[in-house]
Amino acid sequence: MAAAPRPTVWQLRTRQLVLPEVGQPPLLMGIVNVTPDSFSDGGRHADIEAAVAHGLRLAAAGADILDVGGESTRPFADPVAAADEWRRVGEVVRRLAEQSGRPVSIDTSKAVVAEQAVAAGAEIINDITGLESDPAMAELAGATGVGVCAMHMQGTPQTMQLDPRYDDVVAEIHDYLRQRRDALLAAGIAPAAICLDPGIGFGKTHRHNLQLMQNAGRFLDLGCPILVGHSRKGFLGKLVEQATGREPTISDRDLATAATACSLAAQGIQIIRVHDVASTRLALVAFSATA
């Protein structure tokens, strides 16, 4: 089957994001974790004022999208009730949508949280379950016209790292994302609204993550924007530890994130989700200017 054309825009609820052409730096989605227990920055932005200030700093540093989440999805994290999740993120979504000048994404797998976030100004639903875990999510996305990002995850955050197995990780995730794309289209979501994410670190071993990073460009033939969220993940920490013989710091992980973002850019990936926007943006601009 022939590859689908490379998309030029990602259609959001009220606007379009122009996607980079081949050779241009990817767009950056800045992470705003409003949680006490996220794997790398849990608790740093857990109150509303700190989270809003962090989001505005990310926008000033060059984030193209702000992704707000109120439930940690690190391995073995406990689920959060919808009411608690909304209590964490609601005012943050509203204020960033009003003040940042950037489209806001709600990182949730609960339709009730997503619906309230869209009413508060969110333009994107970013769902780690591929819009599968809540039957109402795809219907909501189609009805509101938001952009959606459907991610691959093997298992749940509570089980995904127990014993992840694939015969061919790239081919199997490619097939899953193709099926999710088609299911979302069948649910009435516009083709230009769909973004896909292979789910680095979500039910993958160190080797699986490296294979996905090395072959991220394979997913571009699905005809949707491809988002990769590798920032500060464990496989990067392991690479740093192997290279230095010591426990990696957050700065080490950010450096590794920025370096590997250049590999993703070289493969044509359109969107990268990161914690430290400034360092990744600088690396991508320098890489693009000298590639």
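Two residues are in contact here when their heavy atoms come within 4.5 Å of each other. Keep that in mind as you click through this predicted model.

**Stop 1: Arg180 and its partners**

Select Arg180, which sits in helix H5. Its relative accessibility is 12%, so with the cut-off for burial at under 20% this arginine counts as buried. Now show what is around Arg180: setting aside neighbours within four places in sequence, its contacts are Gly130, Leu131 and Glu132. Glu132 is 48 residues away from Arg180 along the chain, yet the two C-alpha atoms are separated by 8.7 Å.

**Stop 2: Leu131**

Move to one of those contacts, Leu131. You will find Leu131 in the loop that runs between strand E6 (124–127) and helix H4 (136–144). Is Leu131 buried or exposed? Its relative accessible area is 4%, so Leu131 is buried. Look at the backbone too. Most residues other than glycine have a negative phi. Leu131 is not a glycine, but its phi is positive, about 60 degrees.

**Stop 3: the largest nonpolar core**

Next, select Val68, Val93 and Ile189. Among the 66 residues of the largest nonpolar core, these three touch the most other members. Helix H5 (residues 169–186) contributes the most to this core, with 6 residues. Apart from this core lies another one, made of 12 residues, including Leu12, Leu17, Ile124 and Cys195.

Stay on Ile189 for a moment. Which residues does Ile189 touch, not counting those up to four places away in sequence? They are Leu131, Ala138, Ala141, Gly142, Val148, Leu184 and Ile194. Leu131, from the previous stop, is thus in contact with Arg180 and with Ile189.

**Stop 4: helix H2**

Val93 leads you to helix H2, where it is one of the buried residues. The others to highlight there are Glu85, Val89, Gly90, Val92, Arg95 and Leu96. Then turn on the elements that cover these buried residues, which include strand E3 (27–33), helix H1 (48–61), strand E4 (65–69), strand E5 (104–107) and helix H3 (111–119).

Try the distance tool on the ends of H2. The helix covers residues 82–99, 18 residues in all, and at 1.5 Å a residue it should span 26 Å; the end C-alpha atoms are 25 Å apart, which agrees. Along the way, H2 bends by about 40 degrees at Val89. After the helix comes Gly101, with a positive phi near 75 degrees.

**Stop 5: Arg232 and helix H7**

Jump to Arg232, in the loop between strand E9 (227–228) and helix H7 (234–244). Arg232 is not a glycine, but it has a positive phi of about 60 degrees. With a relative accessible area of 6%, Arg232 is buried.

Carry on into H7 and colour its buried residues: Phe235, Leu236, Gly237 and Val240. The cover over them includes helix H6 (206–214) and helix H8 (250–266). Just after H7 you reach Gly245, whose phi is positive at about 75 degrees.

**Stop 6: Thr280**

Select Thr280 in helix H9 (residues 277–290). At a relative accessible area of 1%, this threonine is buried. Which residues is Thr280 in contact with, beyond its neighbours within four places in sequence? Show Leu28, Thr257, Ala258, Ala261 and Val274.

**Stop 7: the cavity**

Now for an empty space. The count comes to 1 cavity of 30 Å³ or more, and the largest cavity has a volume of about 30 Å³. To find it, select its lining: Arg6, Pro20, Glu21, Val22, Gly23, Gln24, Ala265, Gly268 and Ile269.

**Stop 8: two partly exposed residues**

Finish with Ala187 and Gln116. Ala187 lies in the loop between H5 and strand E8 (194–197), and its relative accessible area of 39% makes it partly exposed. Draw a line from Ala187 to Asp47: they are 140 residues apart along the chain, and their C-alpha atoms are separated by 36 Å.

Gln116 is in helix H3 and counts as partly exposed at 31% relative accessibility. From Gln116 to Leu185 the C-alpha distance is 23 Å, with their positions 69 residues apart in sequence.

Technical notes: Residues numbered from 1 in each chain as written. Predicted model: local features only at pLDDT ≥ 70, side-chain atom pairs only at ≥ 80, totals over all residues. Heavy atoms only, no water. Helix = DSSP H or I, 4+ residues; strand = E, 2+ residues; numbered from the N terminus. Expected span 1.5 Å × (residues − 1). Bend = angle between axes of the 7 residues up to and from the residue. Buried < 20%, exposed > 50% of the residue type's maximum accessible area, 1.4 Å probe, protein only. Core = buried A, V, L, I, M, F, W, Y, C linked by side-chain atoms within 4.5 Å. 1 Å grid on protein atoms, 1.4 Å probe; cavity = no way out; pocket = protein on both sides within 12 Å on 5 of 7 lines; lining within 4 Å. Points joined across faces, edges and corners; volume = space filled by probe spheres on them.
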